[in-house]
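Subject: Structure for you to look at

Hi,

Here is the structure I promised to pass on. Have a look at it first, and then read my notes underneath.

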Amino acid sequence: MRMYDLILKKRNGGKLTKEEIDFFVKGVTDKTIELYHISALMMAIYFQGMDEEETLNLTLAMADSGEKMDLSRIDGIKVDKHSTGGVGDKTTLAVIPIVAACGVKVAKMSGRGLGHTGGTIDKLESIKGFQTSVEPEKFFDIVNTHGLCVAGQSMNLAPADKELYALRDVTATVENLSLIASSIMSKKLASGSDCILLDVKVGSGAFMKTYDDAENLAKEMVKIGNGAGRKTVAIITDMDKPLGNAIGNSIEVIEAIETLKGNGPEDFTLLTRTLSAELLKMAGVKNAEEKVLEVISNGKALEKLALMVKAQGGDENYIYDTSLFEKAEFTRQIKAEKDGYISHMNAETVGIACAKLGAGREKKGDSIDFSAGIKLFKKTGDKVAQGEIIAEIYSSSEKKLDDAERTFLSAIEYSRTMPDKIQLILGKVE
Ligand code: URA
């Protein structure tokens, strides 16, 4: 088989066979295919697309390209959730203790922040001592004992995707539905859970900017998951404005803790409860909504988070006393520039402002300022008076405040009339 022929076939709108896709993915994994051949094929796929069968074959080949988590040593049904990424998205931190407190196990691999979006692993590391690098033996043990564990991706899961993603990132071929869907799902399939819940974000802070694109991506991923024998559901949710009121690392963990105590912001509370109940239903639990409320009000969900933190080497006192989290040395209050309503708060720009404060990385391997972040007092739809405090920004570096403030203010648009309310939960694909 020759890469030239595969590229020519796809360029002319042809369909790649399973053998051709397997040949390609094997060559990507063992690095025997030239980068220019891979890039040319990615561009041909970008323009010509792939059908359902091709997308499933690409996903399965990438999922099989490296190690796979064998979760059979964990008893019962294992569930996993995945968010396509957003700003202020600390949902995993609240959802998995709730689900575990209701008796369903979560063995989760999570990632670090990417661009303007945060990552669960970075957030958890703001708890003193918390270890995200967990050996497989210990990982299984913690899930079997406590029902939940969140680890960084230490295993060599879906290495073909790693290569392809890095190349797509620099050749303007990321934004193709089949390529995104196969990339995400190959990692989820290699992670081994029985049920996969996808939170597909849409809006200014998300990868998918329109509802139709988000729905198409959701459909594609659900088809792949079910086609591979995993129960898969996608919920499409708004990411046009940041989620909750806290954006950063430690302040997001604190907001998740408050939500587990029943004191979270309205939007984040709704999302947490909806996704938790959905995961429980997927695992066959009856009266899921009531069970979610019960483990929040009796403190069992919070206790699960503390148990996980302790099992992973962290100081569980942080969960019960959030004043222990490191505080930023510098704080600045941000004031509304006009009278009226906030008609739009561009979530991506808010995420960039937060990264500029030190909460994100400029390049791979940069260290993170856990105390940096943004606390929102007003969001899209709220009425404000000129000079009123709408947010507070935090950083360990005073010189980062000016640029971050300018960026944050550029995210905000005002109107004289009240804007239409945006729903948080927009759709579901089963
Ligand atoms: N996230 C992924 O893992 N892959 C993509 O292609 C896009 C987002």
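Below is what I found, starting with the ligand and then moving on to one helix and a few single residues.

One thing to keep in mind throughout: this is a predicted model.

**The ligand**

Which residues surround the ligand? They are Y165, R168, I180, S183, I184, K187 and F207. Sorted by class, that shell is made up of 4 nonpolar, 1 polar and 2 charged residues. Two helices, α8 (159-170) and α9 (177-190), each bring at least two residues to the shell. The most comes from α9, which supplies 4 residues.

If you zoom in on the polar side chains, there are three distances to look for. In the side chain of R168, an N or O atom sits 2.9 Å from an oxygen atom of the ligand. For K187, the distance from a side-chain N or O atom to an oxygen atom of the ligand is 2.5 Å. With S183 the partner is a nitrogen atom of the ligand, and a polar side-chain atom of S183 lies 2.6 Å from that nitrogen. As for how much of the ligand is covered, it exposes 240 Å² when taken alone, and the protein buries 86% of that.

**Helix α10**

Next, find helix α10, which runs over residues 211-227. It has 17 residues and reaches 24 Å from its first C-alpha to its last, close to the 24 Å expected at 1.5 Å a residue.

Which residues of α10 are buried? You'll want to highlight A214, L217, A218, E220, M221, V222, I224 and G225. These buried residues pack against two helices, α4 (52-63) and α9, and against the strands β4 (195-202), β5 (231-238) and β13 (425-429). So α9 turns up twice in these notes: it gives 4 residues to the shell around the ligand, and the buried residues of α10 pack against it. After α10 comes G229, with a positive phi near 85°.

**Two buried residues**

I also picked out I142, which is in helix α7 (residues 136-146). Is I142 buried or exposed? Its relative accessibility is 5%, and buried means under 20%, so I142 counts as buried. Leaving aside neighbours within four places in sequence, I142 is in contact with V134, G147, L148, C149, A311 and Q312. There is also a long jump in numbering here: I142 and M308 are 166 residues apart in sequence, yet 7.6 Å apart in space, C-alpha to C-alpha.

The other one is D80, in strand β1 (residues 78-83). D80 counts as buried because its relative accessibility is 0%. Beyond its neighbours within four places in sequence, D80 is in contact with K108, K188, S191, S193, C195, I196, L197 and L279.

**Positive phi values**

Last, some backbone angles. Most residues other than glycine have a negative phi, so I noted two that do not follow this. A158 has a positive phi, near 45°. You'll find A158 in the loop between β3 (148-152) and α8, and at 1% relative accessibility it counts as buried. The second is N287, where phi is positive too, near 50°. N287 lies in the loop between α12 (266-282) and α13 (288-297).

Happy browsing!

Technical notes:
Residues numbered from 1 in each chain as written. Predicted model: local features only at pLDDT ≥ 70, side-chain atom pairs only at ≥ 80, totals over all residues. Heavy atoms only, no water. Near = heavy atom within 4 Å. Polar contact = N/O pair within 3.5 Å; in protein donor to acceptor, adjacent residues only side chain to side chain. Areas by Shrake-Rupley, 256 points an atom, 1.4 Å probe, with all protein chains shown as cover. Nonpolar A, V, L, I, M, F, W, Y, C, P; charged D, E, K, R; others polar. Expected span 1.5 Å × (residues − 1). Buried < 20%, exposed > 50% of the residue type's maximum accessible area, 1.4 Å probe, protein only. Contact = heavy atoms within 4.5 Å.
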